[in-house]
Amino acid sequence: MPRPALRPASLPRRAPYVDRVPPEARTTRRRLRACHQCDWLMALPPLGSGEQALCPRCGHAEVRRHRHPAQRSLALALAALVALGLALSFPFLGFSARGVGHRIELTQTASELIVRHEPLVALAVLLTILVLPALYLAGVIWLQVGLLRARPLPASRLLARGLAHVEPWMMADVFLVGALVSLIKIAGLADIELGAAFWAFGAFVLLLLATSQSVDRDWLWFALAGEPPAPDGSRTGRPAAPQGLAGCPTCGLVGRLDAAGHGQCRRCREPLHARQPHSLQRTWALLAAAAILYVPANVYPIMTTTSLGHASPSTIIGGVVQLIEMGSWPVAAVILVASVIVPMGKLMALAWLCLVAPRDRRDRSLTRTRMYRLTEFIGRWSMVDIFVVAILVALIRAGNLMAVAPGPAALAFGGVVILTMLAAMTFDPRLIWDDPAGRLAPADEDAPA
Ligand SMILES: [Zn+2]
Ligand SMILES: [Zn+2]
């Protein structure tokens, strides 16, 4: 009976999946990617730490490589969770005016909205600043612990897919800006005290941003599930869809589509589409709904300040005018840009992209893609005004002396922000690069086979 070969003593029984050797060094096959924003099929080059692979056609960053990605994400996520724990354990802000005052905790920014009959706005605040970031961090820790033990923990693939969907909805950084704006708004009216939780929350915001930046999705999926070879006959340097291929929006793997242009990722099970089904119609519908909500968002008061029994409601524009009268020009500019110019500009930019994408010249595609990226990036910052309302409602409660109540515009405006974010996600930027004559972009120049 032959004896089994012994492992050399120097090699650990289970080498960690995630170590210094990047995916490029572990496979001799070319690893293909289809750009998410222009559908260009390319082969990933070998990447060193700190390097990124950009799409040669539109410049979109496909992969960013970090040194020790698992250890880095794990350390940052743990630190962020500790900071969040501290931010929830101490007073967030203190307020006092003419001898009346109190302190609030972070969670009261949501709970006070429930008391004032705005449960949906409260839910949005709770989800975007606390629940989703906490779930995201726990998910990152779960994944990276499994990879460092060289044995992925249960449900790792499901979790890795989920993280990609949660990320755009985390808005702790926007909330921090909202807190700063609130403080400047009431600085002249009352004494404000920054609690220990305020500083802890600031640290949490920075660590959360660093964590989401540190997650190397390409490496993560390679470590979790390896990389199946690209479909036969894939040719780089031309669009993927006319070849019957599509890149996975979650893990990046290139997969084969059926005749109708749909499929499923072999690695992460995410649905694949040559182009998002009914992308333009859905975007139009979401934009129309946002445009309708934009009217009550600006006509009705976003909050009502009661001072010595006298109630003064203020709309979004009214709040900007009030800030200018107080002499707070920079804050007025922040609110004007975040609450008026960004939502309006985003509505118009997406509507224009929907109009020109199916029927215009291709030579402006790069400019339009940049415009799309901008609308996608800045959309969430419009939530600043909602967070300002949440903080002021919780903080300014001094009986008859002074109080702030949320107005009906808060819900409407929150709806505008969420609907325009969904519209930007539903719009398929690959449509910008397609030939108006055919539904999908053809190869630019056919190289000899
Ligand atoms: Zn591209
Ligand atoms: Zn996938």
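Here are some questions and answers about a predicted model of a protein chain with zinc ions.

User: Which residues are the protein donors of the zinc ion (ligand 1)?
Analyst: Look for the SG atoms lying 2.2 to 2.3 Å from the zinc ion (ligand 1). Along the chain, these donors follow the spacing C-x2-C-x16-C-x2-C. The names are C35, C38, C55 and C58.

User: What arrangement do the four donor atoms make around the zinc ion (ligand 1)?
Analyst: For four tetrahedral donors, the ideal angle is 109.5 degrees. To count as tetrahedral, all angles must lie between 85 and 135 degrees. Around the zinc ion (ligand 1) the angles run from 102 to 114°, so the arrangement is tetrahedral.

User: Is C35 buried or exposed?
Analyst: The cut-off for buried is under 20% relative accessible area. C35 has a relative accessible area of 1%, and C38 also comes in at 1%, so C38 counts as buried. The word for C35, therefore, is buried.

User: What spacing do the donors of the zinc ion (ligand 2) follow along the chain?
Analyst: Start with the donors themselves: C248, C251, C265 and C268, each through SG, at 2.2 to 2.3 Å from the zinc ion (ligand 2). Of these, C248 and C251 are buried. The site is tetrahedral, with angles of 98 to 118° among the four donor atoms. Written along the chain, the spacing is C-x2-C-x13-C-x2-C.

User: How is the chain divided into domains, and how many Å separate their centres?
Analyst: Domain 1 takes in 23-68 + 221-273, while domain 2 takes in 69-220 + 277-359 + 366-433. Taken over C-alpha atoms, their centres are separated by 32 Å.

User: Which three residues supply 27% of the area that domain 1 buries against domain 2?
Analyst: Let's begin with the whole interface, where 33 residues of domain 1 are in contact with 29 residues of domain 2. The two domains bury about 2700 Å² between them, with 51% of it on carbon and sulfur atoms. On the domain 1 side, no other three residues supply more than this trio: Q37, W221 and L224.

User: How many salt bridges are there between domain 1 and domain 2?
Analyst: Polar contacts are part of the picture too, with 24 residue pairs across the interface of domain 1 and domain 2. As for salt bridges, the side chains of D218 and R65 meet in one at 3.1 Å, N to O. The count between domain 1 and domain 2 is five.

Terms used:
Residues are numbered from 1 along each chain as its sequence is written. Chains are lettered from A and ligands numbered from 1 in the order in which they are written. This is a predicted model: local features need pLDDT of at least 70, side-chain atom pairs count only at pLDDT 80 or more; totals for chains, interfaces and linings use all residues. Side-chain values use heavy atoms; hydrogens and water are left out. Donors are N, O and S atoms within 2.8 Å of the metal (3.2 Å for Na, K and Ca); water is not among the atoms, so sites may look incomplete. Four donors count as tetrahedral if all angles lie between 85 and 135 degrees; four count as square planar and six as octahedral if opposite donors are over 155 degrees apart and all others between 65 and 115; anything else is irregular. Buried means under 20% relative accessible area, exposed over 50%, partly exposed in between (1.4 Å probe, protein chains only). Domain bounds come from an automatic or database domain assignment. Contact means heavy atoms within 4.5 Å. Buried area is the accessible area (1.4 Å probe) that two parts lose on being put together, summed over both. A salt bridge is a side-chain nitrogen of Lys or Arg within 4 Å of a carboxyl oxygen of Asp or Glu. A polar contact is a pair of N or O atoms within 3.5 Å; within protein, one must be able to donate a hydrogen and the other to accept it, and residues adjacent in sequence count only if both atoms are side-chain atoms.
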